[in-house]
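User: I'd like to learn how to read a protein structure, feature by feature. Could you walk me through one?

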Amino acid sequence: MVDETSETDLRAAAEWRDIDEASEGAQIDEYDLTTSPNDFNISTIYSFIQSGAVLIPGFQRNYVWDIKRASRLIESLIIGLPVPQVFLYEEDRNRFLVIDGQQRLMTIYYFMAGRFPRREKRSEIREIFNQSGTIPEEILHDDAYFEQFNLSLSEVMPGVRNKFNKLNYKTLGEYKIQFELRTIRNMIVKQVRPSDDASSVYEMFNRLNTGGVNLTPQEIRSSLYHSPFYDALFKWNMDGRWRKLIGQETTDLHMRDIEILLRAFAMASEVHSYTPSMVRFLNKFSNSARQATPGDIDKYGQQLDWFLGEIKDVSRNAWLSRQQKFQVNLFESVFAAAVQANESGRHVELSSEVVAAIRDSKDFLRYSQERTTDTANVKGRFRAARAKLVR
């Protein structure tokens, strides 16, 4: 992974302070893992990705390599130089999640497909990959999304061109089979104990990082618990009403907007059984949501649609702190209290005045000062919201 953190990313991170604070880790258990090395050749790796056996959904950052860096990897493979190993988690038989190595694997996939993703389309391509498990042929061959993947390699020395420059997979000639048979070491990790969760994978995603930039908990979670529910989360995250509410036209690179929605749904469903840490609470909810039926997912969508409709006239300022930051704790508490009351047939009053009154109430403030993800504080904020919402 590549550290491309910019001032824009840092400013965005500051706006999501509540998310980062609430995502602090919890006690780690002892794990029983098996790890086995496998040397897959390039053709096998390509077929695994193409068939969906190796899953690279949207858990990591977008594909970030430029054509020059991608070309250097391909050249290394052609001439037999070693490349870093890849870590895969065996989720099921012939089904693997990529723990580390997404950039390398996708570079191989794109080169053999003969197509290189356009930078401005990479977020959209990632969403398509999430939904399909691969990239449909019509997208792969659409010049709006991809360009030809011809190697871009600098001169060997001044005036001496690299003989592989401008070649592509189809024009490798005598080097094609040589390239296809090159191997990359893949470390296959499988969790034996505990058998009732996959928390070790979460820890590996969080800790195993070759580029110095830790993935956010939600980036990890989106891969580990990817499901039709998560596909729906990504779709709901694009709702214009939601984008306006949180004050961001485009989706957050590190999925903090997705985490806010997830927290809201989790609180509306299970606030009464909440126990710290927030990470484990959201992991558990995400894991259970993998079993959600289409009807269950439709219900979540209806909850959000109803709520966004009810708050259409609420001033955005009502959701902001004195520092003009969107208050995640306020949103999730109001959402959970309002959804629960509405589904029980109670009248809910949602207005700028009511939301601001919750935000400024003595009870809500008392439960929002410190240790905000303690059980007493999470449930206290929910009660404070419900007291002013429900009539």
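Analyst: Let's go through this one together, from the overall picture down to single residues. Keep in mind that this is a predicted model.

User: Fine. How many helices and strands does the protein have?

Analyst: The secondary structure comes to 19 helices and seven strands.

User: And what share of the residues counts as buried?

Analyst: Here you need a cut-off: a residue is buried when its relative accessible area is under 20%, and exposed when it is over 50%. Of the 391 residues in this protein, 53% count as buried. On the outside, the protein exposes about 18700 Å², and carbon and sulfur atoms supply 47% of that.

User: What can contacts tell me about residues that sit far apart in the sequence?

Analyst: You look at how many positions separate the two partners. Take the contacts with a separation of 6 or more: residues 24 or more positions apart account for 75% of them.

User: Let's move on to charges. Why do some side chains pair up?

Analyst: Side chains of opposite charge can pair when their charged atoms come close. This structure holds 16 salt bridges. One of them joins Asp143 and Arg115, with the closest N and O atoms 2.7 Å apart. Asp143 lies in the loop between helix 7 (137–140) and strand 6, while Arg115 belongs to strand 5 (residues 115–117), so this pair ties together parts that are 28 residues apart in sequence.

User: Is Arg115 buried or exposed?

Analyst: Arg115 is buried, because its relative accessible area is 4%.

User: Can you show me another pair, so I can compare?

Analyst: Try Arg256 and Asp252, whose closest N and O atoms are 3.8 Å apart. Both ends are tucked under the buried cut-off: Arg256 has a relative accessible area of 9%, and Asp252 has 7%.

User: What about Asp374 and Arg371?

Analyst: Their side chains meet in a salt bridge at 2.8 Å, N to O. Asp374 is partly exposed at 23% relative accessible area, whereas Arg371 counts as exposed at 59%. Salt bridges can also share partners: that is how Glu91, Arg95 and Arg290 are joined into one network.

User: Now the surface. Which residues form the positive patch?

Analyst: That patch is made by Lys68, Arg69, Arg72 and Lys166. Pick out Arg69 to get your bearings: you'll find Arg69 in helix 4 (residues 67–79). Arg69 is partly exposed, with a relative accessible area of 35%.

User: Which residues form the nonpolar patch on the surface?

Analyst: Val156, Met157 and Val160 do, and together they have about 270 Å² of accessible area. Val156 sits in the loop between strand 6 (146–148) and helix 8 (176–180). With a relative accessible area of 56%, Val156 counts as exposed.

User: How do I read the surroundings of one residue, say Ala144?

Analyst: Start with its place, then its cover, then its partners. Ala144 is in the loop between helix 7 and strand 6, and it is partly exposed at 38% relative accessible area. Setting aside neighbours within four places in sequence, Ala144 is in contact with Arg118 and Lys121. You can also check a distance: Ala144 and Pro117 are 27 residues apart in sequence, and their C-alpha atoms are 9.3 Å apart in space.

User: Last topic: the backbone. What should I look out for?

Analyst: Most residues other than glycine have a negative phi, and most peptide bonds are trans. Now look for exceptions. The peptide bond from Pro276 to Ser277 is cis, with omega near 0°. Ser277 lies in the loop between helix 13 (256–270) and helix 14 (278–289).

User: Where is Met255, and what is its phi?

Analyst: Met255 has a positive phi, near 65°. Its place is the loop between helix 12 (240–246) and helix 13, and Met255 is buried, with a relative accessible area of 1%.

User: And is Gln324 buried or exposed?

Analyst: Gln324 is exposed, with a relative accessible area of 51%. Gln324 has a positive phi near 65°, and it is found in the loop between helix 15 (294–310) and helix 16 (328–343).

Notes
Residues numbered from 1 in each chain as written. Predicted model: local features only at pLDDT ≥ 70, side-chain atom pairs only at ≥ 80, totals over all residues. Heavy atoms only, no water. Patch = residues over 30% accessible without salt bridge, like charges linked within 9 Å, V, L, I, M, F, W, Y side chains within 5 Å. Areas by Shrake-Rupley, 256 points an atom, 1.4 Å probe, with all protein chains shown as cover. Salt bridge = Lys/Arg side-chain N within 4 Å of Asp/Glu carboxyl O. Lys, Arg positive; Asp, Glu negative; His and termini not counted. Charge placed at Lys NZ, Arg CZ, Asp CG, Glu CD. Helix = DSSP H or I, 4+ residues; strand = E, 2+ residues; numbered from the N terminus. Buried < 20%, exposed > 50% of the residue type's maximum accessible area, 1.4 Å probe, protein only. Contact = heavy atoms within 4.5 Å.
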